[in-house]
Amino acid sequence: MGGAEEKYVKEAFDTNWIAPLGNNVNEFENQVKEFTGTKAACALSSGTGGIHIALDLLDVGQGDFVFCSSLTFIASANPILYLGAEPVFIDSDLDSWNMSPVALKKAFEDYASKGQLPKAVVIVNLYGQSAKMDELMAICDEYGVAVVEDAAESLGSRYKGKMSGTFGKFGIYSFNGNKIITTSGGGMIVSDDEEMIQKALKKATQSRDQAVHYQHSEVGYNYRLSNISAGIGRGQMEVLEKRVEQKRAIFDRYVEALDHIDGIEFMPELENTLHNRWLSTLTVDSEKLGVTAAEIIEKLAKLNVEARPVWKPMHMQPLFAECDYYSEEQDNSKYLFETGICLPSDTKMTAEDQESVIERIREKIHG
Ligand SMILES: *Cc1c(COP(=O)(O)O)cnc(C)c1O
């Protein structure tokens with residue numbers, strides 16, 4: 001926590017607005033709108049709920065196809081299943097680790113030739129890196145298909161000076177406990193289409209019609225953020241920029257200490273972008289190092305250092321075994337999964353803590 005969270009939570013208690021309604025929710029939404037430069041925002045109980053509502057508002061339903069980044073956390077893809085639609089997974093490129101414009105184009109050409117254009121494309125900004133939005137948006141615009149930007153991990157990142165999460169029809173942020181800022185659990189859907197965000201708000205509150213009695217004309221969800229959680233969010237927004245700086249400093253220290261080792265390659269930062277470095281990630285060349293990513297992770301665990309693999313791609317998940325997948329010439333997302341490591345990146349970690357983590361990594365790589 002940054003410091004001001006308790007004050008805003010107390011405000012909710014003092015005014016007795018504990019419900020998913022109240023000043024903290026409004027203020028938190030205003031902060032996110034202002035920070036991202038979007039016209040409208042709706043606070044939700046999770047980022048997953050945001051993706052669900054966005055796809056629902058884009059009319060995704062039974063029998064529809066939705067293109068989605070393969071290298072991601074499953075929350076990007078689950079809402080496609082909630083709506084009875086079918087995901088088609090798209091590979092990453094190696095300079096961004098995000099959706100490859102080459103693979104996306106292949107998928108569009110193929111599906112267009114079958115007369116089966118997708119209803120939406122979910123583009124993920126992994127570990128805080130913005131995807132190649134110019135190239136990806138151009139392809140989606142060419143086919144007239146709307147984009148949902150999964151920016152759950154990339155709040156605070158910039159692509160060509162514009163905030164990550166503000167390129168698609170909808171952007172989604174997450175405030176889950178592990179994200180760059182947190183409300184313990186929560187999310188936000190943003191858009192420049194104010195009418196659509198009004199609809200999102202309605203969907204998130206059981207789609208109640210404007211009537212004194214309880215009347216409903218369409219399906220809805222219970223996805224609104226509580227005024228308590230929003231109070232935490234208000235305090236967290238005040239420290240977001242500082243968190244990005246801290247995360248970037250953590251990444252820089254890892255680079256300085258490890259980048260010269262032949263066989264280690266850090267996740268790149270696209271030109272003209274600012275990567276929030278939510279997690280510091282790298283890939284290892286096991287032939288050069290004589291040790292695989294999985295072995296390093298296992299050895300570090302024994303030293304009480306919690307490193308993690310990179311997300312297991314969706315096209316490799318048992319749940320999605322039947323789904324279509326478009327890769328670049330080589331399967332990059334599989335390669336990143338097999339060679340990638342997420343290093344400890346918590347901003348509570350002091351420079352000395354990190355130094356000791358780095359020492360143990362060096363030890364395990366060399367021995
Ligand atoms: C965390 C995350 C989500 C989901 O957010 P929740 O708030 O946990 O529902 C979606 N996509 C990605 C890539 C995430 O990392």
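A residue counts as partly exposed when its relative accessible area falls between the bounds for buried, under 20%, and exposed, over 50%. In this predicted model, Pro-309 has a relative accessible area of 44% and is therefore partly exposed. Pro-309 belongs to strand β13, which covers residues 308-309. The C-alpha atom of Pro-309 is separated by 6.9 Å from that of Phe-337, although the two residues are 28 residues apart along the chain.

Two further residues can be described in the same terms. Glu-295 is located in helix α10, and because its relative accessibility is 38%, Glu-295 also counts as partly exposed. A polar atom in the side chain of Glu-295 lies 2.9 Å from the backbone nitrogen of Thr-292. Glu-295 and Lys-364 are 69 residues apart in sequence, while in space their C-alpha atoms are 9.0 Å apart. Thr-38, by contrast, has a relative accessible area of 8% and is therefore buried, since the limit for that class is under 20%. The loop that holds Thr-38 runs between α2 (23-36) and β1 (40-44), and the side chain of Thr-38 is joined to the side chain of Thr-36 by a polar contact of 2.8 Å.

The ligand is surrounded by 15 residues, and those that come nearest are Thr-48, Asp-150, Glu-153, Ser-174 and Lys-179. By class, this shell consists of four nonpolar, eight polar and three charged residues. Both backbone and side-chain atoms approach the ligand at short range, as the following distances show. An oxygen atom of the ligand lies 2.7 Å from a backbone N or O atom of Gly-47, and a polar side-chain atom of Ser-174 is likewise placed 2.7 Å from a ligand oxygen atom. For Asp-150, an N or O atom in the side chain is 2.7 Å from a nitrogen atom of the ligand. Of the 380 Å² of accessible area that the ligand has on its own, the protein covers 94%.

Empty space within the protein was examined next. Rolling a probe the size of a water molecule over the atoms shows where such space is left. The count comes to one cavity of 30 Å³ or more, and the largest cavity holds about 40 Å³ of space. The residues that line this cavity are Leu-258, Ile-264, Leu-282, Val-284, Ile-296, Leu-300, Ile-341, Leu-343, Ile-361 and Ile-365. When they are sorted by class, the lining has ten nonpolar residues, no polar residues and no charged residues. At least two lining residues are supplied by each of β12 (280-284), α10 (293-302), β15 (340-343) and α12 (351-366).

The largest pocket has a volume of about 880 Å³. Its lining comprises 29 residues, and Asn-178, Lys-247, Trp-278, Leu-279 and Asp-346 lie nearest the centre of the pocket. This lining is mixed in class, with 14 nonpolar, seven polar and eight charged residues. Helix α8 (227-258) and the strands β13 and β15 each contribute at least two residues to the lining of the pocket, and the largest share, four residues, comes from α8. Strand β15 thus appears in both descriptions, as it supplies at least two residues to the lining of the largest cavity and at least two to that of the largest pocket.

Methods. Residues are numbered from 1 along each chain as its sequence is written. This is a predicted model: local features need pLDDT of at least 70, side-chain atom pairs count only at pLDDT 80 or more; totals for chains, interfaces and linings use all residues. Side-chain values use heavy atoms; hydrogens and water are left out. A residue is near a molecule or strand if one of its heavy atoms lies within 4 Å of it. A polar contact is a pair of N or O atoms within 3.5 Å; within protein, one must be able to donate a hydrogen and the other to accept it, and residues adjacent in sequence count only if both atoms are side-chain atoms. Accessible areas come from the Shrake-Rupley method with a 1.4 Å probe; for residues, only the protein chains shown count as cover. Ala, Val, Leu, Ile, Met, Phe, Trp, Tyr, Cys and Pro count as nonpolar, Asp, Glu, Lys and Arg as charged, and the others, Gly among them, as polar. On a 1 Å grid over the protein atoms alone, a cavity is a set of points where a 1.4 Å probe fits but cannot get out, and a pocket is an open set with protein on both sides within 12 Å along at least five of seven lines; lining residues have an atom within 4 Å of a point. Grid points are joined across faces, edges and corners, and a volume is the space filled by probe spheres set on the points. Buried means under 20% relative accessible area, exposed over 50%, partly exposed in between (1.4 Å probe, protein chains only).
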